[in-house]
Amino acid sequence: MRFTARPAAAIMSLSLAAAVLTGCSEQAAGGNDAAAEGACQPSDVRLVGQVRNESNPYEASWLAGGDAYAKSVGLTQERLTYDGDSTKQQEQISQLLAGDTKCLVMNVLPNGDSDTAPIVKGADQAGAYLVTQWNKPADLNPADHATWISHITYNGVESGQQIGDALATAIGGTGGIIALQGILDTAAAKDRFAGLQASLKKNTGVQLLDQQAANFSRAEALTVTKTLLTKHGNHVKGIWAANDDMALGALEALQQQGLAGKVAVVGIDAVPDAVKAVQGGTMTATVSSDGAWQGGIGLAIGYCVATGKLAVKDIAAANRAFFAEQFLITKDNAADFVEPKTNPADFECANVFNRVAGPLT
C-alpha cells in the first residue's frame with residue numbers, strides 16, 4: 001500500500017426493505033430543488049453522523065472525526081448510534097427525513113448491504129445530502145441519484161489478504177490458524193474473508209482449522225476464540241480477525257488461557273489499542289482505514305455540495321463510489337499511527353477526493 005508519514009506539524013487529531021428502488025432514477029431529479037442547487041448558507045447546514053455504537057473504538061474515532069470537522073466549519077455534529085439494530089437505524093433515518101431536510105447532510109454507516117436501499121430512497125425523496133460508507137449492494141450506485149453524493153469503502157479483499165500474508169509470515173509459513181468473521185451481511189466481512197482465502201491459496205503451508213462469525217464484536221470474539229482454542233488446542237498458531245475489536249477479544253482469550261505471545265494475531269481498523277499492541281509485539285499487524293478521516297470526510301463532501309462549493313455534476317464518476325486509501329501497519333511503522341491524526345487540508349472542498357485509491361467496480 002502507499003503510505004507516507006504526514007509531518008506532525010501539518011496534521012491534527014480528529015470515524016424498509018431493499019426492494020424500494022424501483023423508479024429511483026426518476027426521483028434523482030426530484031426531492032428538494034433548493035438542496036439540489038447547493039443553495040445552503042453555511043450556518044444552515046445540519047451535520048449528522050450515524051454509526052452502530054461508540055463502544056467500538058473504530059466507530060468512536062469516526063464520530064470524533066465528525067465532531068472535529070463540524071467544529072472546523074463552526075457547526076456541531078449530531079451523533080446517532082443504532083446498536084447494530086437495522087430497524088432502529090431505519091427509524092432514526094426516517095425521523096431525520098421527516099423534518100427540515102433542505103440543508104441536511106448525513107454521513108451514514110448502513111448496518112448491512114440490505115439497509116442501504118431504503119436510506120438512499122428516503123434521502124432522494126427528501127432532498128437530503130447523503131454519503132454512505134462500507135455497505136451497499138453491488139447494483140446500487142450513487143451516480144443514479146441526485147443527493148446520494150458518494151459511497152466510500154475499502155478494498156477488503158486486499159486488506160484481508162495483507163493481514164493473512166502477515167500472519168503466515170509470523171508463524172513461519174506453516175501451521176494452523178482460526179478466523180473470526182464479521183457481520184456476514186456486509187461487504188466488508190465478505191471481502192476480507194475472500195482476502196484470507198486468497199492468502200491461504202498463496203501460503204499453502206497455512207491451514208485454516210476453523211472459522212466462525214463474531215460479528216465485529218470484542219465480547220463475541222472472546223467467547224468464540226475460547227471455544228475454538230478448546231476445540232483445536234495447540235494446533236492454533238495464529239488468529240485472523242476481520243477487525244481489530246475481534247482481534248482484541250482474541251488477545252484477551254489468549255491471555256486468559258496463558259497463551260499470550262504464543263499465538264500470532266492480526267486485525268483490521270487500526271484502533272488505538274490494536275496499534276499499541278502491534279507496536280508492543282502482542283499483535284502482528286492491522287490495517288488502517290482512518291476512522292477519524294472517515295467521520296470527517298463524509299460530512300465534508302456533503303457540506304461542500306450543500307453550500308455550492310462543489311457541484312455533484314462536476315464530481316468525477318470514479319469519485320461517486322470509490323475505494324479509499326488504507327495502510328498496512330506492522331511493528332516497523334506502528335509508531336506513526338499510535339495517535340490518530342488527520343491533515344486538515346484533506347477536508348477542504350478542493351481536496352475531499354484526494355484519498356481515492358480507485359473506483360468501486
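What follows is a walk through two sheets, the helices that pack on them and a few of the contacts in between. The model is a predicted one.

The seven-stranded sheet makes a good starting point. Its strands run in the order β2-β1-β3-β4-β5-β11-β13, the sheet is open, and the pairing is mixed. At the edges sit β2 (77–81) and β13 (356–359); each has a single partner strand, so one side of each is left without a neighbour in the sheet. Going from one strand to the next, the twist averages 25°. Within this sheet, β1 (residues 46–51) and β3 (residues 104–108) run parallel and are joined by five bridges. To find one of these pairings on screen, look for Arg46, whose bridge partner in β3 is Leu104.

Helices come next. Helix α3 packs on this sheet and touches β1, β2, β3 and β4 (129–133), with its direction at about 165° to that of β2. Helix α5 (residues 113–126) lies across β3, β4 and β5 (148–153), and runs at about 165° to β4. Helix α5 also has a helical partner: its axis and that of α4 (residues 86–97) come within 10 Å and cross at roughly 5°. An angle under 35 degrees counts as roughly parallel, and α4 and α5 are therefore roughly parallel to each other. On the α4 side the contact uses Ser86, Gln89, Gln90, Ile93 and Leu97, which meet Asp115, Pro118, Ile119, Gly122, Ala123 and Ala126 of α5. By residue class, this contact of α4 with α5 splits into six nonpolar, four polar and one charged.

Helix α3 has a helical partner too. The axes of α3 (residues 57–72) and α11 (residues 291–306) come within 6 Å, crossing at roughly 40°. That makes α3 and α11 oblique to each other, and their crossing is right-handed. From α3, the residues in the contact are Tyr58, Ser61, Trp62, Gly65, Gly66 and Tyr69, while α11 brings in Gly291, Ala292, Gln294, Gly295, Gly296, Leu299, Ala300 and Tyr303. Sorted by class, the residues of this contact of α3 with α11 come out as seven nonpolar, seven polar and no charged.

Now for the four-stranded sheet. This one is also open, with its strands in the order β7-β6-β8-β9 and parallel pairing. Its edge strands are β7 (206–213) and β9 (264–266), each of which pairs on one side only. Ignoring direction, neighbouring strands here are turned by 20° against each other on average. Strands β6 (residues 175–181) and β8 (residues 236–241) pair in the parallel sense over five bridges, and Gly176 stands opposite Val236 in β8.

Two helices pack here as well. Helix α7 (residues 187–202) lies across β6, β7 and β8 and runs at about 170° to β6. Helix α8 (residues 218–232) packs on the sheet, touching β6, β7 and β8, and its direction makes about 140° with that of β7.

Last, the aromatics. Searching the whole structure turns up eight aromatic pairs. One of them is Phe193 with Trp240: the ring centres are 6.3 Å apart and the planes are at 70°, so the pair is edge-to-face. Since Phe193 lies in helix α7 and Trp240 in strand β8, the pair ties together parts that are 47 residues apart in sequence.

Conventions
Residues numbered from 1 in each chain as written. Predicted model: local features only at pLDDT ≥ 70, side-chain atom pairs only at ≥ 80, totals over all residues. Heavy atoms only, no water. Axes fitted to C-alpha atoms, helices over the stretch in contact; angles between N-to-C directions. Parallel < 35°, antiparallel > 145°, perpendicular 65-115°, else oblique. Left-handed = near helix turned anticlockwise from the far one by under 90°. Contact = heavy atoms within 4.5 Å. Nonpolar A, V, L, I, M, F, W, Y, C, P; charged D, E, K, R; others polar. Pairing = 2+ DSSP bridges. Phe/Tyr/Trp six-rings, centres within 6.5 Å; stacked < 30°, edge-to-face > 60°.
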